[in-house]
Amino acid sequence: SAFADFVVTMTDENGVTGFGEGAPNARYDESRDDDAVALEELSTALAAVEGVAAVEAFCVAQPGFPALRAALSAAAWDLAGKQAGEPVWQLLGLERASVRTSLTIPIADPEIMLAQARAAEGFGVLKVKLGFEGDLDVATLLARELPDKRFRYDANEGWDKEHAAKALEVLGRLGAELVEQPLPAADRDGQAWLLDRSPVQLFGDEALLDLEHLDEVVDLYDGFVVKLAKAGGIAAAAALMTACQERAARVLLGCMIESSLGIAAGLHVAGLADYVDLDGFLLLEADPFSGIATDGDLLTAPDAPGLGVALAVAP
């Protein structure tokens, strides 16, 4: 594929195969090549691991490589579901999720961003990437031209606290639903200062990778972006979402740029989230997997066994 994702497979003695997608991100010191080396090193130990609970325990014991662990987790759940004849959400004891996703408007020339926002028919919520010179002018333009849309914003660590405070006043007046990661994740003092002044919900993304670090940052944000490729898998993400809500922090279930395979893994636990941003597969020119039911912005978890997706048939 043209992007950095990869697929891992797990096959049982009967030839049943589970698939899982890894979406490594350089922001978390992970690359496809690094994961390939790590998987080779872990392969002998992995061969002796059997069953989804054992795979998840194995993943928890591995430091680093969250996207690789997410791929292994997803493959194990996909295999277990196929073996049991049940979808993953059922194995987890959850209800079948049917959720509305936002659609991301990436950074581009203002005219292009407006054209993309206008073209997002069927999507009630748009997530606009900010953190560039003139970003508030673009946000104001989009909100004015598309009054029927709701907007979320992602600054991607792109502001300092003084600019962020002014930006949040503007975005608050525009009716912003939430803003992701306004300041660099490391600026905890600045974030505490900003949270006290913000008229808009502030969500941490790069500031929180996994459950182990939740208590360090839980008081600095209104909520957190949880991603399987960041948390390290299905069970890890579900545990993190539950822990956030137990601490009165809201949850946005997000994704990387992933195919239907990676998105499906998140969709099976999407019912645990307050907000959903699972549009990664919609941003691909060609999706190698299929199986997610879409109706505009409404995504419904597959009810086929396992993750419920399969390799797409070439036209």
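Two strands pair if DSSP finds at least two bridges between them. The views below show a predicted model.

**View 1. The hairpin of strand 1 and strand 2 is antiparallel.** Strand 1 (residues 6-11) and strand 2 (residues 17-22) are joined by six bridges. One of these matches Thr11 with its bridge partner Thr17 in strand 2. Five residues lie between the two strands, and in this hairpin Gly15 adopts a positive phi near 85 degrees. The covered face of strand 1 presents Phe6, Val8 and Met10, whereas Val7, Thr9 and Thr11 belong to the uncovered face. In a regular strand, side chains alternate between the two faces of the sheet.

**View 2. Eight strands build an open sheet with parallel pairing.** The strand order is 4-5-6-7-8-9-10-11. Strand 4 and strand 11 (275-276) are the edge strands, each pairing on one side only. Within the sheet, strand 8 and strand 9 (residues 223-226) run parallel and are joined by two bridges. Gly204 has Phe224 as its bridge partner in strand 9. Strands of a sheet pair through backbone hydrogen bonds, either parallel or antiparallel.

**View 3. Helix 7 has its buried residues on one side.** This helix spans residues 161-173, 13 residues in total, and extends 18 Å from its first C-alpha to its last, close to the 18 Å expected at 1.5 Å a residue. Its buried residues are Ala164, Ala167, Leu168 and Leu171. Because these residues cover an arc of only 105 degrees around the axis, they lie on the same side of helix 7. Lys166 and Arg173 are exposed on the other side of the helix. The elements that cover the buried residues of helix 7 include helix 6 (135-145), strand 6 (150-154), strand 7 (179-180), helix 8 (188-197) and strand 8 (202-204).

**View 4. The N-terminal end of helix 7 is capped by Asp160.** A side-chain oxygen of Asp160 lies 3.3 Å from the backbone nitrogen of Glu162. After the helix comes Gly175, which has a positive phi near 85 degrees.

**View 5. Phe224 and Leu278 touch the most other members of the largest nonpolar core.** This core contains 63 residues. Helix 3 (residues 66-84) supplies its largest share, nine residues. A second, separate core of 32 residues has among its members Leu130, Tyr153, Trp159 and Leu183. In soluble globular proteins, nonpolar side chains tend to be buried together. Beyond its neighbours within four places in sequence, Leu278 is in contact with Thr101, Leu253, Gly254, Cys255, Ile263, Gly266, Leu267, Ala270 and Leu299.

**View 6. The side chain of Thr101 reaches the backbone of Leu278.** Thr101 sits in the loop between strand 3 (98-100) and strand 4 (103-105). Its relative accessible area is 1%, and buried means under 20%, so Thr101 counts as buried. The side chain of Thr101 comes to 2.9 Å from the backbone nitrogen of Leu278. Not counting residues up to four places away in sequence, Thr101 touches Phe123, Val125, Val276, Asp277, Leu278, Asp279, Asp297 and Leu299.

**View 7. Phe65 and Gln181 have positive phi values without being glycine.** Most residues other than glycine have a negative phi. Phi of Phe65 is about 50 degrees, and this residue occupies the loop between helix 2 (52-60) and helix 3. For Gln181, phi is near 35 degrees; the residue is found in the loop between strand 7 and helix 8. Phe65 is partly exposed, at 33% relative accessibility, whereas Gln181 is buried, at 0%.

**View 8. Thr44 is an exposed residue of helix 1.** Helix 1 comprises residues 32-47. The relative accessible area of Thr44 is 66%, and exposed means over 50%, so Thr44 counts as exposed. Thr44 and Ser98 are separated by 54 residues in sequence and by 39 Å in space, C-alpha to C-alpha.

Notes. Residues numbered from 1 in each chain as written. Predicted model: local features only at pLDDT ≥ 70, side-chain atom pairs only at ≥ 80, totals over all residues. Heavy atoms only, no water. Helix = DSSP H or I, 4+ residues; strand = E, 2+ residues; numbered from the N terminus. Expected span 1.5 Å × (residues − 1). Buried < 20%, exposed > 50% of the residue type's maximum accessible area, 1.4 Å probe, protein only. Arc of directions from axis to C-beta. Contact = heavy atoms within 4.5 Å. Polar contact = N/O pair within 3.5 Å; in protein donor to acceptor, adjacent residues only side chain to side chain. Core = buried A, V, L, I, M, F, W, Y, C linked by side-chain atoms within 4.5 Å.
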